[in-house]
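Biologist: Got a minute to go through this one with me? I'd like the overall picture, then some details.

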Amino acid sequence: MLNTADSLCGESQDGYMTPTGGIDLRASGIISPDEWEGTKCFSLGFRAKISNLLELGPAKRRASPAKFKNPVPVLTFRKKLRAAFQLAVSSGTSRAATFVLRIFSGPLLHPVGNERTNEVERLVQQLSSPRSSAREEAARVLSAYASVEPSYRAWIAREGAIPKLVPMLKASGMGGRCAAADALGHMAIDPQVRMEIMDADPTARLMKLVRRRYTYRVRASCTRALARLAADPDNAKLLLQNELLTPQLIKAAVKLTDEISAAPGRYVRERSKCALLSATLELLARLAVHNEVRDAIASHRDFFALLCKKMYFLDASVENSAMDLTVQLVKVETLKAQFIERGMLTHLSKTWHLASGVAQVNALRVLAELATSPTTHNIIHNTIKTSRANLSRGRVQALFGSFDGGEDSIGVFNLASCVPLNRGTSSYLHKSGVAQTVMSYLELKDPRIAASVCRLTGSLAAGEEIRQDLDEGGALSYLAEYVFWDDFEVVESALVALGKFADSECCMDEICTPEFLEKLFELQDMDGDSLICAALELLRLLARSNSVKETLRTINLHVR
């Protein structure tokens with residue numbers, strides 16, 4: 001098969017290989033553009049061989065038996081191919097063909113004998129081989145399986161791979177160290193497996209391999225493994241016992257940013273630097289949940305400016321890791337102000353509107369964190385409004401679908417209140433039942449999110465259909481109750497939201513009791529110009545109703 005594969009494929013105008021059988025790997029969605037870009041360093045013949053596997057593989061599959069004593073996860077053909085490509089990109093051309101054939105010759109051609117019973121067990125046993133090349137090969141294949149199939153991570157750990165992978169971090173060859181670090185990093189995504197890896201204590205060796213005297217590829221794999229382990233805050237705190245780790249990571253990120261050319265990813269060396277930079281930023285993001293790391297980054301004169309620069313990188317992994325770190329850093333008010341001053345809101349808004357996948361999610365997270373501060377509401381609203389991009393239904397669904405009612409939802413509620421509603425978006429939200437969702441949060445009366453929910457209610461009331469739904473659901477009664485709270489931010493948000501319902505005279509008559517109007521006049525003596533202005537504006541709107549005027553006369557109050 002491999003000798004004739006070159007004749008089955010040809011090179012397209014953009015340099016990508018497509019089998020003559022009509023299978024386009026990129027169009028099928030099996031291989032991402034970044035993965036295809038990474039294979040450009042290989043020969044045309046080698047890329048043709050991998051492409052041809054997609055055409056020849058499915059015909060070789062056999063039906064699996066219906067019953068097994070201990071059923072285990074099965075890799076689909078799509079996931080096998082992704083594993084093959086990850087091996088090809090992460091290894092050299094001379095060894096990539098061997099690894100790809102290793103994956104497809106066993107589990108693909110013999111699913112019953114290998115995949116369900118002996119394949120992982122045999123690979124784990126191969127980690128104890130006296131030959132270093134065999135150990136490296138087994139670690140790479142296990143790493144590829146763990147990267148594409150979540151259930152394989154626990155299965156590999158149960159077979160006893162962790163105690164054999166950790167000593168490989170001290171292997172004589174850099175390839176073995178890199179393969180072991182990759183395998184541990186992919187397995188550490190599973191929380192339970194992460195605990196088992198920490199019990200084996202690989203952190204000291206991993207941190208030693210992060211030093212500058214090792215290759216970029218090894219440092220990137222070890223840094224990524226540390227980042228996966230640091231996803232647990234307790235593990236992150238354990239890593240921070242090394243006081244030199246944070247300064248070392250900051251220094252490495254700054255140096256790599258200066259070294260990477262204007263077109264990252266064009267050459268193998270540049271791609272390795274980008275991989276290391278992405279892993280370094282990811283590890284900093286995991287450590288930045290602790291205040292001392294955020295303070296250390298904030299005290300660095302140039303790091304935050306470079307971080308903003310990384311968001312414009314052509315390399316997607318670097319950009320996503322930079323946004324992941326930014327989510328933690330903008331929790332510091334001074335850095336939040338710097339971020340807005342540098343004009344990054346426009347870039348984030350466009351990324352949220354136009355990007356997809358991880359980039360869109362990360363942009364939404366940063367915008368939501370920025371929106372937690374009331375002073376940024378108008379800035380975010382104007383930025384989104386002037387970004388000249390229509391807010392698609394998918395973006396609206398992702399935003400409003402991220403409500404969970406927790407303390408982290410404050411920024412999401414505030415961001416949703418900053419989104420300008422056009423007729424199409426308002427109609428879609430009306431049909432999706434957003435009014436009922438908001439009503440459920442109004443009924444909670446949770447002090448953590450009360451102000452944000454009131455603000456969102458007022459924003460949604462700009463749509464006529466949604467305002468009618470909120471009227472019928474009794475939103476005005478809840479907003480009137482919030483006016484009597486002691487929290488001035490909640491009171492101000494409720495007053496502004498009630499002002500959006502001022503045209504609904506029949507509903508306003510229900511809440512405009514003498515006690516409510518007296519409360520509005522009492523608020524004029526409070527501190528805070530914005531609160532006083534909100535109370536006066538609501539009184540002005542209410543005074544247009546004859547019934548409200550009659551109520552005001554009964555309590556001997558004069559409205560100017």
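Modeller: Here is a short walk through the fold, a helix pair, a pocket and a few single residues.

Biologist: Ground rules before we start?

Modeller: This is a predicted model, where local features need pLDDT of at least 70, side-chain atom pairs count only at pLDDT 80 or more, and totals for chains, interfaces and linings use all residues. Residues are numbered from 1 along each chain as its sequence is written, and side-chain values use heavy atoms, with hydrogens and water left out.

Biologist: What does the secondary structure of the chain come to?

Modeller: 34 helices and two strands. Helices (H or I, at least four residues) and strands (E, at least two) are DSSP runs, numbered from the N terminus.

Biologist: And how much of the chain is buried?

Modeller: 53% of the 560 residues. Buried means under 20% relative accessible area, exposed over 50%, partly exposed in between (1.4 Å probe, protein chains only).

Biologist: What share of the contacts is made by residues 24 or more positions apart?

Modeller: 72% of the contacts in the chain with a separation of 6 or more. A contact is heavy atoms within 4.5 Å.

Biologist: Now helix 21 and helix 24. At what angle do they pack?

Modeller: About 90°, with the axes 7 Å apart, for helix 21 (residues 358-370) and helix 24 (residues 409-418). So helix 21 is roughly perpendicular to helix 24. That label covers 65 to 115 degrees; under 35 is roughly parallel, over 145 roughly antiparallel, and the rest oblique. Axes are lines fitted to C-alpha atoms, for helices over the stretch in contact, with angles from 0 to 180 degrees between N-to-C directions.

Biologist: Which residues make the contact?

Modeller: Leu364, Leu367 and Ala368 come from helix 21, and Gly411, Val412 and Leu415 from helix 24. By class, the contact has five nonpolar residues, one polar and no charged. Ala, Val, Leu, Ile, Met, Phe, Trp, Tyr, Cys and Pro count as nonpolar, Asp, Glu, Lys and Arg as charged, and the others, Gly among them, as polar.

Biologist: How many residues of helix 24 are buried?

Modeller: Ten of its ten. Among them are Phe413, Asn414 and Ser417.

Biologist: Switching to pockets. How much space lies in the second largest pocket?

Modeller: About 580 Å³. On a 1 Å grid over the protein atoms alone, a pocket is an open set of points where a 1.4 Å probe fits, with protein on both sides within 12 Å along at least five of seven lines; lining residues have an atom within 4 Å of a point. The volume is the space filled by probe spheres set on the points, which are joined across faces, edges and corners.

Biologist: Which lining residues are closest to its centre?

Modeller: Of the 20, His377, Asn378, Ser417, Arg455 and Val496. Helix 30 gives the most to the lining, with five residues. By class, the lining has eight nonpolar, eight polar and four charged residues.

Biologist: Any odd backbone angles?

Modeller: Asp201 has a positive phi of about 55° and is not a glycine. Asp201 sits in the loop between helix 10 (191-199) and helix 11 (203-209). Lys445 also has a positive phi of about 55°, in the loop between helix 26 (434-444) and helix 27.

Biologist: Why does Asp201 count as exposed?

Modeller: Because its relative accessibility is 52%. Lys445 is partly exposed, at 33%.
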